[in-house]
Amino acid sequence: MARVFLTREMPGRAVEILQAAGHQAVVWPDELPPPQVELAAELAQSHAALTTVVDRITPAMLDGAPDLRIVANMAVGYDNISPAEAAERGIWVTNTPGVLAETTADMAWALLMSAARRVTESDRHTRAGGWRTWSPTGFLGMDVFGATLGIIGLGEIGEAMARRAVGFKMRVLYHSRTRKPALEADLGLEQVGLDELLAVSDYVSLHCPLTPETRGLLGAREFGLMKKRAILVNTARGQVIDQDALVSALRDGTMGGAALDVTDPEPLPLAHPLFSFENVVITPHIASGSMATRSKMADMAAENIVAVLAGKEPINPVNRGHR
Ligand code: DGY
């Protein structure tokens, strides 16, 4: 019987899937993730681990886990582990592509709309008793219909974001490593350079993975290129943005606002200056968080583990381990 460590209670059927394949599923019982020392100790005794984006797996932990064969991340991103370091040790790393793009794009749109039409700000005002009358000038926001959306990173999620923009009759620009002529034809997208995208867009939405190339992709220079009323949406990773530069840009009024599902660090300390801006919306990294999608992600991670423990290749590898 193989021992599988799950770093948190999972939605869906992950535990059942593992047990049905004859494995022992050991679930970390706390709401908070295992501290690094405990995580290392659990990995040291396990044949497989089902992890989340907040479980940072270091090379030293992998060295201390002689029986570990797979780290199955229940996320499409895997910046919490080095797939190359894992592969050197024969350990598979897997992710969950194909199941969370639509749900994540729904949330990116919720954030965009919320910042554009000042939803959270006016909700706070209403709850505080500030609604005294209908006002011709109250909480005037930005139109979304007919505006220009700039998408950075046109993978599955960026594409789902773009598809939704068609209904709002938006002009959609994208900046991505790979050109997508079929999508350009289908949705009327335009590929442009990053600077042009920033200068022209009313809304800029980030959908790229965190890599050495994208870390700090948007900083003071880039914020300076944006339109004065432009809104930045981030459902990718907090580290893609230079957050101090974002704070300065918001303070100087260089840009119109930000809607962030991801920050650096997470959670963002309550004393952080980003919390002081009325034109900033912050949610706790929940973009993939529908019941159905999170269940699919956890089930998929469990299926990857079952495959590897049965001596097969996993379904969603991001590196190559040993069979
Ligand atoms: C991911 O999948 O990478 C998200 O950040 C968590 O859903």
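Arg 127 counts as exposed in this predicted model, since its relative accessibility is 69%, and a residue is called exposed when that value is over 50%. Its side chain meets that of Asp 123 in a salt bridge, with N and O 2.8 Å apart. Asp 123 is partly exposed, its relative accessible area being 33%. Both residues belong to helix α6 (residues 119–127), and because they are four residues apart there, about one helical turn separates them.

That pair belongs to a wider set, for the structure holds 18 salt bridges. Side chains of opposite charge can pair when their charged atoms come close. Another of these pairs is formed by Arg 89 and Asp 63, whose side chains meet at 2.6 Å, N to O. Here the partners come from separate elements: Arg 89 lies in the loop between α4 (83–88) and β5 (92–94), while Asp 63 is in helix α3 (residues 59–63), so the salt bridge ties together parts that are 26 residues apart in sequence. Asp 63 counts as exposed at 53% relative accessibility, whereas Arg 89, at 27%, counts as partly exposed. The pairing also extends to a third residue, as Asp 63, Glu 85 and Arg 89 are linked in a network of salt bridges.

A further salt bridge joins Arg 221 and Glu 222, with the closest N and O atoms 3.3 Å apart. How do its two partners stand with respect to the surface, buried or exposed, or in between? Arg 221 counts as partly exposed, at 49% relative accessibility, but Glu 222 has a value of 12% and therefore counts as buried, the limit for that class being under 20%.

From the charged pairs the reader can turn to the interior. The largest nonpolar core has 30 residues, and those with the most contacts inside it are Leu 206, Phe 223, Leu 232 and Leu 246. At least two residues of this core are supplied by each of α9 (194–200), β9 (203–206), α11 (243–252) and β11 (257–260), and among the contributors α11 gives the most, with five residues.

Between α9 and β9 runs a loop that contains Asp 202, a residue that counts as buried at 17% relative accessibility. The side chain of Asp 202 reaches the backbone nitrogen of Thr 148 at 2.8 Å, and a polar contact of 2.9 Å joins the side chain of Asp 202 to that of Lys 227.

The last stop is the ligand, around which lie Ala 75, Val 76, Gly 77, Leu 100, Arg 237, His 285, Ser 288 and Met 297. This shell divides into four nonpolar residues, three polar ones and one charged one. Which parts of Val 76, Arg 237 and Ser 288 lie 2.7 Å from an oxygen atom of the ligand? For Val 76 it is a backbone N or O atom that lies 2.7 Å from a ligand oxygen. Arg 237, in contrast, places an N or O atom of its side chain at 2.7 Å from an oxygen atom of the ligand, and a side-chain N or O atom of Ser 288 is likewise 2.7 Å from a ligand oxygen. Taken alone, the ligand exposes 230 Å², and the protein buries 89% of that area.

Conventions. Residues are numbered from 1 along each chain as its sequence is written. This is a predicted model: local features need pLDDT of at least 70, side-chain atom pairs count only at pLDDT 80 or more; totals for chains, interfaces and linings use all residues. Side-chain values use heavy atoms; hydrogens and water are left out. A residue is near a molecule or strand if one of its heavy atoms lies within 4 Å of it. A polar contact is a pair of N or O atoms within 3.5 Å; within protein, one must be able to donate a hydrogen and the other to accept it, and residues adjacent in sequence count only if both atoms are side-chain atoms. Accessible areas come from the Shrake-Rupley method with a 1.4 Å probe; for residues, only the protein chains shown count as cover. Ala, Val, Leu, Ile, Met, Phe, Trp, Tyr, Cys and Pro count as nonpolar, Asp, Glu, Lys and Arg as charged, and the others, Gly among them, as polar. A salt bridge is a side-chain nitrogen of Lys or Arg within 4 Å of a carboxyl oxygen of Asp or Glu. Buried means under 20% relative accessible area, exposed over 50%, partly exposed in between (1.4 Å probe, protein chains only). A nonpolar core is a set of buried Ala, Val, Leu, Ile, Met, Phe, Trp, Tyr and Cys residues joined through side-chain atoms within 4.5 Å.
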